[in-house]
Amino acid sequence: MVSDGLQRMLPVMALLSAMVLWGSSFVALKYSFQEMHPLAVIFGRLVVASLCFLPFVRSFMRMGLRRRHVGPIVVMCLCEPCCYFLFESSALVYTSASQAAMITTMLPLMVALCAGLMLGERVSPRTIGGFFIASAGALWLSLGGKGTEQAPHPALGNFLEFMAMVCATGYTILMKRLSKELHPFFLTGIQAFIGTLFFAPALLLPTVQASTLSPGGVGAVLYLGVVVSAGAYGLYNFGVSRIPASQASAYVNLIPVFSILFGFLILGERLNFWQWMACALVFVGVLVSQDSAGDQVREREQ
């Protein structure tokens, strides 16, 4: 009984840990972008993550990779980290870490809808209604903010973060499918390697070459590479492999809680009254979307 209970708790603990680390990643990215060019930061974190997985390359060779896996793996990696990081790095230039993190609350609803269409997971009208409420809150959050030093163009930045969530949705669905046959640790390593190759040409850009290497920026890159790209993604992929995709993605709702806290403590970010109201509307949409009966059905189906 203890063993079974521990087995059920492991994916939950992994997902909770991943959300804390991802919440801190928005602040680390925002800080590092003030020190270095965004593309240099993204490339650096992926190189560091790849080095973390390098000792396991021989084990990866024995993971049972087949030709049928190649296409989905490439598309998954194009979704995330490639396109996802392009959108998110651009988003954090224009909006605050706190606002960007709030947009991530859209991900669980987007994944639930796509999981219903592609993975056969049940999606209730309540979930669909919650999606539209949360969407309205995200739009209000974007339009309710004025330009500040931390967020010079919040509407554009939040839209780019939403596009990053579109990419994250595709990644989560493909990860769920692939993890039925391939180990999530292997898939996490593949993400790091392909992402490194994708962003390597960015080093040839004059603006990236001119980027200065500050101790703070290097420290942030190391943190993002080791703790977030290798650690958080590994934990999330493990969680996704053990429970339904729609349930796993619901933990993403915790990211803004940690990100707003870290943004307040480290970056001194503040949200105005109407933005707090918009955040509340997003959370209402997320709560409305939760279908406990549907969760029980999905749990019995696992």
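**Helix 4 and its neighbours**

Let me begin with one pair of helices: helix 4 passes helix 9, and the crossing is right-handed. Helices here are DSSP runs (H or I, at least four residues), and strands are runs of E of at least two residues, numbered from the N terminus. For handedness, a crossing is left-handed if the near helix is turned anticlockwise from the far one by less than a right angle, and right-handed if it is turned clockwise.

Before going further, please keep in mind that this is a predicted model, in which local features need pLDDT of at least 70 and side-chain atom pairs count only at pLDDT 80 or more, while totals for chains, interfaces and linings use all residues. Residues are numbered from 1 along each chain as its sequence is written, and side-chain values use heavy atoms, with hydrogens and water left out.

Back to helix 4 and helix 9, the latter covering residues 184–199: their axes come within 9 Å and cross at roughly 60 degrees. An axis is a line fitted to C-alpha atoms, for helices over the stretch in contact, and the angle runs from 0 to 180 degrees between N-to-C directions. The two helices are therefore oblique to each other, given that angles under 35 degrees count as roughly parallel, over 145 as roughly antiparallel, 65 to 115 as roughly perpendicular and the rest as oblique.

Which residues of helix 4 and helix 9 meet? From helix 4 they are I73, M76, C77, L78, E80, P81, C82, F85 and L86, and from helix 9 they are F186, L187, I190, Q191, I194, G195, F198 and F199, where contact means heavy atoms within 4.5 Å. By class, this contact has 14 nonpolar residues, two polar and one charged; Ala, Val, Leu, Ile, Met, Phe, Trp, Tyr, Cys and Pro count as nonpolar, Asp, Glu, Lys and Arg as charged, and the others, Gly among them, as polar.

One residue of helix 4 worth finding on the screen is C77. C77 counts as buried because its relative accessibility is 0%, and the cut-offs are under 20% relative accessible area for buried, over 50% for exposed and in between for partly exposed, with a 1.4 Å probe and protein chains only. If we leave aside neighbours within four places in sequence, C77 is in contact with C82, I190, Q191 and I194. C77 and G195 lie 118 residues apart in sequence, yet their C-alpha atoms are 7.0 Å apart.

P81 is also in helix 4, and the peptide bond from E80 to P81 is cis, with omega near 25 degrees. As background, most residues other than glycine have a negative phi, and most peptide bonds are trans.

P81 appears again where helix 2, residues 38–53, comes to helix 4, with the axes within 10 Å and crossing at roughly 140 degrees. That angle makes helix 2 oblique to helix 4, and helix 2 passes helix 4 in a right-handed crossing. In this contact, P38, L39, I42, R45 and L46 of helix 2 meet P81, F85, L86, S89 and V93 of helix 4, which gives eight nonpolar residues, one polar and one charged.

Now for helix 8, residues 154–178, which packs with helix 4, residues 67–94, at an angle of about 160 degrees, with the axes 8 Å apart. These two helices are therefore roughly antiparallel, and their crossing is left-handed. Their contact contains 22 nonpolar, four polar and three charged residues.

In helix 8 we find G157, which is buried at a relative accessible area of 0% and touches A91, Y94 and T95, not counting residues up to four places away in sequence. T169 is in helix 8 as well; T169 is buried at 5% and, with the neighbours up to four places away left out, touches L107, M110, V111 and C114.

Finally, the rings: how many aromatic pairs are found in the whole structure? The search finds eleven, where rings of Phe, Tyr and Trp (its six-membered ring) pair if their centres lie within 6.5 Å, and planes under 30 degrees apart count as stacked, over 60 as edge-to-face and the rest as tilted. One of these pairs is F60 with F186, edge-to-face at 5.4 Å centre to centre and 75 degrees between the planes. This pair links distant parts of the chain, with F60 in helix 3 (residues 57–60) and F186 in helix 9, 126 residues apart. F60 and F186 are buried, and ring pairs join F53, F56, F60, F185 and F186 into a cluster.
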